[in-house]
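Q: I'm new to this one. Can you walk me through it?
A: Sure, take a look first.

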There are 2 protein chains.
Amino acid sequence: MTAQQAAPVRRMRRAERREQILDAATRAFARAGFAATSLDDVAAEAGITRVILYRHFESKTDMYRAVLDRACTRLVEQVGADDFGGEAIPSLLRAAAADPDGFRLLFRHAAREPEFRDLTDTLTAASVEIARKNLAPRIPPGPWADWASRLIPTVAIESVIAWLDAGRPDPDAAAERIGAAIHGVIQAAQPR
Amino acid sequence: MTAQQAAPVRRMRRAERREQILDAATRAFARAGFAATSLDDVAAEAGITRVILYRHFESKTDMYRAVLDRACTRLVEQVGADDFGGEAIPSLLRAAAADPDGFRLLFRHAAREPEFRDLTDTLTAASVEIARKNLAPRIPPGPWADWASRLIPTVAIESVIAWLDAGRPDPDAAAERIGAAIHGVIQAAQPR
DNA sequence: CCATTTGTATACTCAGATGTAAATAAAAGC
DNA sequence: GCTTTTATTTACATCTGAGTATACAAATGG
């Protein structure tokens with residue numbers, strides 16, 4: 001009597017489940033990074049058993065790389081090779097809003113995990129290079145150009161994360177303000 | 001014949017050894033954070049066996065807290081409650097130069113480790129509050145004040161790390177430029 | 001010279017996490 | 001209905017790393 005009729009449990013197709021696992025894994029890993037997150041944490045976040053994870057991924061490392069790969073791909077698709085055009089910052093904001101956990105995971109954790117740095121290195125190296133090229137006409141090569149071209153991508157990323165933390169107010173205004181903040185760094189690197 | 005006379009190995013006093021272990025642990029943990037660093041890594045970095053570590057620290061966690069505590073104390077001693085006076089940035093630079101590994105460890109790793117966030121939380125909360133107070137007369141309360149007061153401490157820290165990475169050129173000029181970069185963020189948060 | 005301190009070597013226990021295997025059950029699709 | 005796919009459960013096997021115990025060796029300091 002007290003026994004409820006078990007509601008028919010909706011099963012997912014393989015590809016769908018895989019995506020759902022990647023979503024959950026992104027959330028789980030975003031909390032504390034690779035080493036401090038167990039597969040049981042991921043499984044719990046996905047609402048399944050650990051065993052299922054192994055039907056979709058060879059190993060923990062394999063899964064993590066898949067998570068980072070997806071986040072990276074999404075980011076590159078949204079931002080594109082749109083190096084410093086006016087749409088770069090708005091599209092960065094869109095990308096972060098679309099996948100905030102992935103965004104945080106990439107830049108706050110993966111970038112500091114030596115074992116997986118290769119996945120974010122291309123991204124950061126590319127953005128540093130873009131910054132350096134855009135700085136070149138205005139700042140003579142040397143330590144301050146180095147300083148600024150390292151700092152600018154970081155400030156861009158951290159501005160976006162601060163925007164997420166502040167509740168994502170008005171994306172258009174945010175883009176302008178972030179642009180202004182970056183401009184401030186460029187000014188600061190100017191010879192005086 | 002071939003046997004060398006073993007050079008008499010200089011032994012350290014207890015306190016001295018403890019400091020040396022803390023130095024080595026700071027370097028080791030600065031590479032990949034708490035979870036991804038084993039006690040064997042630390043012992044190897046210190047040039048001793050793992051067993052010795054337990055003569056100075058109760059546990060891995062205990063040791064890590066001691067490392068963070070020391071880095072934190074040093075930082076506070078150097079920077080002081082010198083909230084936004086003109087000497088704040090120069091002293092931040094001095095502190096980072098004096099203990100670069102500790103500096104990186106605190107802000108790049110410990111700040112992202114939920115288990116140890118309490119140790120850096122007071123620091124970051126304090127600096128965010130200082131930023132907010134200094135912003136108050138110029139920026140109306142609201143999401144952009146939130147945004148800027150979160151971002152400013154981060155930009156300060158990241159500017160310093162970028163300065164370390166760029167080879168620590170001219171500390172005085174660096175202080176001015178970092179001040180200018182922060183000013184740029186304040187400008188960016190201004191109502192428009 | 002003798003006690004204390006400091007370091008080494010080795011071997012062990014224990015816990016947690018990764019990864020595997022097999023039997024069972026239920027949903028989906030034909 | 002019958003097969004295939006997907007999920008659960010339970011039970012292992014294995015490994016790494018934390019933490020402990022003990023016996024030994026060498027330096028220090030009186």
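Q: Which residues does A:Gln190 touch, not counting those up to four places away in sequence?
A: A:Gln190 touches A:Arg138, A:Ile139 and B:Arg177. Contact means heavy atoms within 4.5 Å. This is a predicted model, where local features need pLDDT of at least 70, side-chain atom pairs count only at pLDDT 80 or more, and totals for chains, interfaces and linings use all residues. Side-chain values use heavy atoms, with hydrogens and water left out.

Q: Is A:Gln190 buried or exposed?
A: A:Gln190 is buried, at a relative accessible area of 18%. Buried is under 20%, exposed over 50%, and partly exposed in between (1.4 Å probe, protein chains only).

Q: How many residues does each chain put into the contact between chain B and chain A?
A: Chain B gives 38 residues and chain A gives 38 residues.

Q: And what area is buried there?
A: About 3100 Å², with 67% from carbon and sulfur atoms. That is the accessible area (1.4 Å probe) lost on putting the two parts together, summed over both. In chain B, B:Arg112, B:Trp144 and B:Arg177 lose the most area to chain A.

Q: How many salt bridges are there between the chains?
A: Zero between chain B and chain A. A salt bridge needs a side-chain nitrogen of Lys or Arg within 4 Å of a carboxyl oxygen of Asp or Glu.

Q: New topic. Which residues of α7(B) are buried?
A: B:Leu119, B:Thr120, B:Val128, B:Ala131 and B:Leu135. Helices are DSSP runs (H or I, at least four residues), numbered from the N terminus.

Q: What sits on the face turned away from them?
A: That face of α7(B) carries the exposed residues B:Thr122 and B:Lys133.

Conventions
Residues are numbered from 1 along each chain as its sequence is written. Chains are lettered from A and ligands numbered from 1 in the order in which they are written. Helices (H or I, at least four residues) and strands (E, at least two) are DSSP runs, numbered from the N terminus.
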